[in-house]
Amino acid sequence: MSVRVKGTDTAIRIRWIPRYTALERYLHWGHTLTFILLTMTGMVLFFPFLAPLARGEAGQFMRLVHRISAVLFAAVPISYAVLQPRRLLLTLKELRFGRDDLGWLKGAIPYYLLGRHVDMPPQGRWNTGEKMNAVILVSGTIIFVITGALMWFGKGVLPVGVFQAAVIIHDLTMFATVSMFIIHFYLAVAHPLMWQSLVSMRYGVISESYAREHHAKWYYGEERAKKLYEEAKARAAAQGKAD
Ligand code: HEM
């Protein structure tokens, strides 16, 4: 695809690389929407200063929206497993952490705050931060489903201690997942280095140059990506000495 540079006659060619299937994108937005509804209604039930909204008809409405959203929220991973099981397995395999992820943790602050590209080791289709986000959300979803079901069907049936434990774990999971969601939202929507991640979740593709820079292990393969990274580091060190 060619794109004309604004205000000039120059055109640049962009090669787009598929990153997400259409189903993955629909499920991502479905999970996001239901998560936001669950957070809003959950907060009404949690925070004492919102208590007036949790009483009477308003409270019934909040609880109904929470339950309907919860069913749709749980349906997202189930739909993925049923409709694209092989793709789900591939994604889960890619979420495994390794020694290379320590490099991302070390390079994250210089890279994301100071734009120091040379400090960021090559990443796979998911970088370490994206993997951490996915792991917290996947485990959070499982914990929400279990504790939410206990609260939904266990009131008056379960021993009080078990019911209260479910409520506390449900609340703590909300704090963990909402914190991760805020970081994820900021990086995807506002961070200048990451804007193409939002493009990929909208259209399913990323540009070749973005793939090379942000997901080199996926684009080049592990060995070549590491070689190029070491060469870039050596060049930067030599340049630093020369300056
Ligand atoms: C499948 C997922 C979920 C299920 C089945 C579920 C179910 C429930 C149920 C049945 C309640 C009790 C409502 C009542 O008082 O009648 C509840 C409360 C609550 N939920 Fe969820 N929920 C889910 C996901 C979430 C998510 C994603 C969040 C926020 C990120 C959340 C936050 C809360 C909070 C804060 C409360 C109030 C608990 C309290 O009283 O301290 N829930 N949930």
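Reader: Which residues of α5 are buried?
Author: In this predicted model, the buried residues of α5 are T128, E130, F144, T147 and G148.

Reader: And what covers them?
Author: The cover over the buried residues of α5 includes α2, α4 and α6.

Reader: How does the span of α5 compare with what its residues should give?
Author: The two agree, because 27 residues at 1.5 Å a residue should span 39 Å, and the end C-alpha atoms of α5 are 38 Å apart.

Reader: What follows α5, and is its phi positive or negative?
Author: G156 follows α5, and the phi of G156 is positive, near 80 degrees.

Reader: Let me move to α2, then; where does α2 bend, and by how much?
Author: The bend in α2 is at V76 and amounts to about 30 degrees, with a proline, P77, following within four residues.

Reader: With that bend in mind, what is the end-to-end span of α2?
Author: The end C-alpha atoms of α2 are 40 Å apart, which agrees with the 40 Å that its 28 residues should span at 1.5 Å a residue.

Reader: Which residues of α2 are buried, and what covers them?
Author: M62, H66, S69, A70, F73 and V76 are the buried residues of α2, and what covers them includes α1 and α5. V76 is thus both a buried residue of α2 and the site of the bend.

Reader: Changing topic to the ligand: how many residues surround it, and which are the closest?
Author: The ligand is surrounded by 23 residues, and the closest are L38, G42, A70, G148 and W152. Two of these have already come up, since A70 is among the buried residues of α2 and G148 is among those of α5.

Reader: Which elements give two or more residues to that shell?
Author: Those elements are α1 (22-46), α2 (56-83), α5 (128-154) and α6 (160-189).

Reader: And by class, what is the shell made of?
Author: The shell around the ligand has 15 nonpolar residues, together with six polar and two charged ones.

Reader: Which residues form the largest nonpolar core?
Author: The largest nonpolar core has seven residues, namely I206, Y210, A211, A216, W218, Y219 and A225. Both α8 (208-214) and α9 (216-220) supply at least two residues of this core, and α9 gives the most, with three.

Reader: What does A211 touch, leaving aside residues up to four places away in sequence?
Author: On that basis A211 touches I17, I206, W218 and Y219.

Reader: What about a second core?
Author: There is a second, separate core of five residues, and F35, A70, F73 and V76 are among them. Of these, A70, F73 and V76 also appear among the buried residues of α2.

Reader: Is L113 buried or exposed, and which helix is it in?
Author: L113 is in helix α4 (residues 100-114), and L113 is exposed because its C-beta atom has 9 others within 10 Å, where the cut-off for exposed is 12 or fewer.

Reader: How far is L113 from L193?
Author: Their C-alpha atoms are separated by 9.9 Å, although L113 and L193 are 80 residues apart along the chain.

Reader: Stepping back, how many helices and strands are there, and what share of the residues is buried?
Author: The protein has 10 helices and four strands, and buried residues make up 16% of its 243 residues. The elements run β-β-β-α-α-α-α-α-α-α-β-α-α-α from the N terminus on.

Terms used: Residues numbered from 1 in each chain as written. Predicted model: local features only at pLDDT ≥ 70, side-chain atom pairs only at ≥ 80, totals over all residues. Near = placed C-beta within 6 Å. Nonpolar A, V, L, I, M, F, W, Y, C, P; charged D, E, K, R; others polar. Core = buried A, V, L, I, M, F, W, Y, C linked by C-beta atoms within 7 Å. Buried ≥ 20, exposed ≤ 12 C-beta atoms within 10 Å, placed from the backbone. Contact = placed C-beta atoms within 7 Å. Expected span 1.5 Å × (residues − 1). Bend = angle between axes of the 7 residues up to and from the residue.
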